[in-house]
Amino acid sequence: MLGILTVLLSSFVLTFHNVTVRVLFSEHLVLGLFLLGGYVKPDLQNSFLLMFMRMLLVVPLMASLSFKLYPSALKELKDLFNRNAASSVLHERRDILIQALGCGVLMFVYIASLYIAIGLIPTGIALTLFFTYPVFTALLSWRFFGDRPTLFRWLVIGIILVGSALTIPQSSATYSSHTIAIGIFASVSAGIVYAFYCIIAQKCLEKFHPVPFTWISFACTLLLSGVSLLFWPAKSAQLDWTPLWIGSIFSGLVSFIGHTLNNVGIRMVGASTASIIGSSSPALTALVAWVTISETLNVIQSVGIGIVTLGIALLSAEGFVKSLKYKS
């Protein structure tokens with residue numbers, strides 16, 4: 001029960017991060033009281049900048065708190081680089097390090113893509129398209145592990161894709177067809193990359209604690225976003241730094257809390273159960289975006305989000321039932 005509540009809370013917390021990113025990219029009336037936002041354009045360079053600013057807070061914060069949350073964190077990190085051990089132990093440590101660093105690279109890529117999507121299309125739609133990642137996880141499991149989708153799984157995948165199609169906004173004065181196309185591509189790309197992240201993370205978390213694992217992923221994202229800014233710098237002279245730092249600090253705090261809770265939840269209840277609970281994220285995001293920044297969707301788009309949420313829950317439930325049968 002505690003694990004379920006942990007994952008559910010992580011989904012709710014992370015919706016505030018997504019809404020904050022949306023506000024930084026485009027102007028909104030927040031809580032019907034304050035006109036805020038539109039401080040940076042939703043492009044790749046500014047996505048790197050927001051990531052760097054956010055991780056600049058999160059990485060040292062997590063380093064300081066991880067020793068209190070998990071006293072063995074430093075020892076486990078040092079052990080990954082310790083060469084004074086048997087060859088079998090060294091091989092296992094090398095695999096864990098490669099997996100953790102690989103997840104860090106994947107986190108950097110999917111966050112950059114998702115930031116662009118959130119900046120270009122409504123937050124609820126961007127997150128709905130992103131949360132089609134269980135479809136790609138199922139296909140990747142078939143490709144790499146020989147886990148052929150059942151007829152039920154194919155039907156659910158079809159349901160998710162139909163629901164996703166219903167959420168796509170029509171071109172208008174607010175959203176041009178070009179903007180919509182880039183937003184959709186960025187959202188789906190983020191989902192595909194995140195599917196790889198989930199598969200590798202589940203394997204790594206079987207032997208590595210969520211606290212140091214999350215820190216490594218975030219540290220990699222900080223490093224890669226900083227290096228990216230050296231090659232593709234944002235136009236800093238045109239930026240309003242005060243609200244950017246305030247938004248980045250808030251975004252970093254909720255992101256840190258949300259990802260840590262999610263990884264702890266995965267360890268407690270498993271990836272299958274966590275993904276069932278996490279399927280509520282698109283609907284939660286749309287609801288929070290509506291309450292906080294009055295971001296509305298039409299009836300068809302709302303139905304599409306509901307269909308995708310149901311499809312993801314059904315797809316995740318199949319894996320959960322299968323794991324219970326395997327254990328019994």
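**Close-up views of a predicted model**

**Figure 1. Helices α5 and α11 are roughly antiparallel to each other.** The model shown in this and every other view is predicted. The axes of helix α5 (residues 123-130) and helix α11 (residues 281-293) are 8 Å apart, and the angle at which the two helices pack is about 170 degrees. Because angles over 145 degrees count as roughly antiparallel, this pair receives that description. On the side of α5, the meeting residues are Thr123, Gly124, Leu127 and Thr128, and on the side of α11 they are Pro282, Thr285, Ala286 and Ala289. By class, the contact of α5 with α11 consists of 4 nonpolar and 4 polar residues, with no charged residue. An α-helix has 3.6 residues a turn, so residues three or four places apart point the same way.

**Figure 2. Helix α5 is largely enclosed by the rest of the structure.** This description holds because 8 of the 8 residues of α5 are buried. The buried residues of α5 are Thr123, Gly124, Ile125, Ala126, Leu127, Thr128, Leu129 and Phe130. Among the residues of α5 that meet α11 are Leu127 and Thr128, and both Leu127 and Thr128 are buried.

**Figure 3. The second largest pocket has a lining without charged residues.** The volume of the second largest pocket is about 360 Å³. Its lining is formed by 15 residues, of which Thr20, Val23, Val30, Leu36 and Phe250 are the closest to its centre. Helices α1 (2-25), α10 (241-278) and α11 are the elements that give two or more residues to this lining. Helix α1 contributes the largest share, with 5 residues. The lining of the second largest pocket divides into 12 nonpolar and 3 polar residues.

**Figure 4. The structure holds 1 cavity of 30 Å³ or more.** The largest cavity has a volume of about 30 Å³. Its lining residues are Val21, Leu24, Leu50, Arg54, Tyr115, Gly247, Ser248 and Ser251. At least two residues of this lining come from each of α1, α2 (44-69) and α10. Helix α10 gives the most to the lining of the largest cavity, namely 3 residues. The classes represented in the lining are 4 nonpolar, 3 polar and 1 charged.

**Figure 5. Val21 is a buried residue of helix α1.** The relative accessibility of Val21 is 2%, and Val21 therefore counts as buried. Not counting residues up to four places away in sequence, Val21 touches Tyr115, Ile118 and Ser251. Val21, Tyr115 and Ser251 are also among the residues that line the largest cavity. From C-alpha to C-alpha, Val21 and Ser47 lie 9.5 Å apart in space, with a separation of 26 residues in sequence.

**Figure 6. His259 is a buried residue of helix α10.** The relative accessible area of His259 is 12%; the cut-off for a buried residue is under 20%. Leaving aside residues up to four places away in sequence, His259 touches Leu14, Arg54, Met107, Tyr110, Thr214 and Phe218. One of these partners, Leu14, is 245 residues from His259 in sequence, and their C-alpha atoms are 7.8 Å apart in space. Another partner of His259 is Arg54, and Arg54 also belongs to the lining of the largest cavity.

**Figure 7. Thr221 is a buried residue of helix α9.** Helix α9 spans residues 210-231. The relative accessible area of Thr221 is 0%. Thr221 touches Met51, Met55, Gly104, Met107 and Phe108, not counting residues up to four places away in sequence. Met107 is also touched by His259. Thr221 and Val105 are 116 residues apart in sequence, whereas the distance between them, C-alpha to C-alpha, is 6.6 Å.

**Figure 8. The protein chain has 12 helices and 2 strands.** This legend places the close-up views in the context of the chain. From the N terminus on, the order of the elements is α-β-β-α-α-α-α-α-α-α-α-α-α-α. The protein chain has 328 residues, and 52% of them are buried. Of the contacts in the chain with a separation of 6 or more, 82% are between residues 24 or more positions apart. Pairs such as His259 and Leu14, at 245 residues apart in sequence, and Thr221 and Val105, at 116 residues apart, appear in the views above.

Note on methods
Residues are numbered from 1 along each chain as its sequence is written. This is a predicted model: local features need pLDDT of at least 70, side-chain atom pairs count only at pLDDT 80 or more; totals for chains, interfaces and linings use all residues. Side-chain values use heavy atoms; hydrogens and water are left out. Axes are lines fitted to C-alpha atoms, for helices over the stretch in contact, and angles run from 0 to 180 degrees between N-to-C directions. Helices (H or I, at least four residues) and strands (E, at least two) are DSSP runs, numbered from the N terminus. Angles under 35 degrees count as roughly parallel, over 145 as roughly antiparallel, 65 to 115 as roughly perpendicular and the rest as oblique. Contact means heavy atoms within 4.5 Å. Ala, Val, Leu, Ile, Met, Phe, Trp, Tyr, Cys and Pro count as nonpolar, Asp, Glu, Lys and Arg as charged, and the others, Gly among them, as polar. Buried means under 20% relative accessible area, exposed over 50%, partly exposed in between (1.4 Å probe, protein chains only). On a 1 Å grid over the protein atoms alone, a cavity is a set of points where a 1.4 Å probe fits but cannot get out, and a pocket is an open set with protein on both sides within 12 Å along at least five of seven lines; lining residues have an atom within 4 Å of a point. Grid points are joined across faces, edges and corners, and a volume is the space filled by probe spheres set on the points.
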